[in-house]
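Please look through the model shown below with its sheet, its helix packing and its pockets in mind. The paragraphs after it take these topics in turn.

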Amino acid sequence: MNITVYLGAHEGNDPSYRKAVEELGAWIAGNGNRLVYGGSDEGLMAVIADAVLSHGGEVTGIEAQMFADQGVAHKGLTELVIVPDITERRTRMIELGDVFIAFPGGTGTLEEVSEVVSKICLNQLSQPCIFYNLNGFFDDMKAFLQRMINVGFSTSERQHGIYFASNLTEIEHIIATHQA
């Protein structure tokens with residue numbers, strides 16, 4: 001299974017992010033899954049790719065030309081695909097994904113996962129989107145999505161494939177339940 005992960009090009013200032021990303025990468029590889037991610041060799045993006053690779057897994061990086069030109073494309077991946085721009089990067093990552101995980105990150109993470117959320121709500125994707133709510137990072141996103149329902153801009157039925165998990169065990173459960 002291809003697991004598309006969106007996460008930061010920085011590591012953040014809490015070491016628990018790096019530790020959780022390393023565990024997620026080991027889990028992806030250990031379960032015979034393939035990581036699909038943004039292709040960078042910086043921050044948490046590099047950490048997850050290296051974790052998957054060091055545990056014998058395969059990694060596909062989808063990197064925008066502008067970032068490749070800046071020299072931040074990870075050179076040690078199983079497969080590195082350079083695409084013309086960010087729009088094509090998002091599209092390719094979605095096309096390849098069987099599961100989508102948003103790990104804590106910055107505005108790029110938010111941009112990419114927002115498209116996944118939108119496609120789920122429009123019934124254009126049936127794959128699950130899991131917000132890895134480590135240390136409550138996505139509590140505000142969870143409240144925001146609920147607010148959309150409360151004020152009549154969305155429904156729980158439209159948001160049927162959006163999940164929040166606070167640890168890897170919960171992620172495993174969501175994926176297993178969704179596959180059943």
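Strand 6 (residues 129-132) and strand 7 are paired in the parallel sense over 4 bridges, where two strands count as paired if DSSP finds at least two bridges between them, and where helices (H or I, at least four residues) and strands (E, at least two) are DSSP runs numbered from the N terminus. Within this pair, Tyr132 stands opposite Ala165 of strand 7. The model is a predicted one, in which local features need pLDDT of at least 70 and side-chain atom pairs count only at pLDDT 80 or more, while totals for chains, interfaces and linings use all residues. Residues are numbered from 1 along each chain as its sequence is written, and side-chain values use heavy atoms, with hydrogens and water left out.

The pair belongs to a wider arrangement, an open sheet of 7 strands in the order 4-3-2-1-5-6-7 with parallel pairing. Strand 4 (79-83) and strand 7 (162-165) stand at its edges with a single partner strand each, so one side of each is left without a neighbour in the sheet. On average, and with direction ignored, neighbouring strands of this sheet are turned by 20° against each other; angles here run from 0 to 180 degrees between N-to-C directions, and axes are lines fitted to C-alpha atoms, for helices over the stretch in contact.

Helices are packed against this sheet. Helix 1 lies across strand 1 (2-6), strand 2 (34-37), strand 5 (99-102) and strand 6, and runs at about 165° to strand 1, contact meaning heavy atoms within 4.5 Å. Helix 4 also packs on the sheet, where it touches strand 1, strand 2, strand 3 (58-64), strand 4 and strand 5, and its direction makes about 155° with that of strand 3.

Helix 1 has helical partners as well. Two packed helices are described by the angle between their axes and the distance between the axes. For helix 1 and helix 2, the axes come within 7 Å and cross at roughly 35°, in a right-handed crossing (the near helix is turned clockwise from the far one by less than a right angle; anticlockwise would be left-handed). Residues of helix 1, including Tyr17, Val21 and Gly25, meet Leu44, Val47, Ile48, Ala51 and Val52 in helix 2, and this contact has 11 nonpolar, 1 polar and 2 charged residues. In that classification Ala, Val, Leu, Ile, Met, Phe, Trp, Tyr, Cys and Pro are nonpolar, Asp, Glu, Lys and Arg are charged, and the others, Gly among them, are polar.

Helix 1 (residues 15-30) also packs with helix 7 (residues 168-179), at an angle of about 35° and with the axes 11 Å apart; this crossing is right-handed. Here Glu23, Leu24 and Trp27 in helix 1 meet Leu168, Glu172 and Ile175 in helix 7, a contact with 4 nonpolar, no polar and 2 charged residues.

The pockets come last. A pocket is an open set of points, on a 1 Å grid over the protein atoms alone, where a 1.4 Å probe fits, with protein on both sides within 12 Å along at least five of seven lines, and lining residues have an atom within 4 Å of a point. The largest pocket is lined by 26 residues, and Leu7, Gly8, Ala9, Gly106 and Thr109 lie nearest its centre. Helix 2 (43-54), helix 4 (86-96) and helix 5 (107-121) are the elements that give two or more residues to this lining, with the largest share, 5 residues, coming from helix 5. By class, the lining divides into 10 nonpolar, 10 polar and 6 charged residues.
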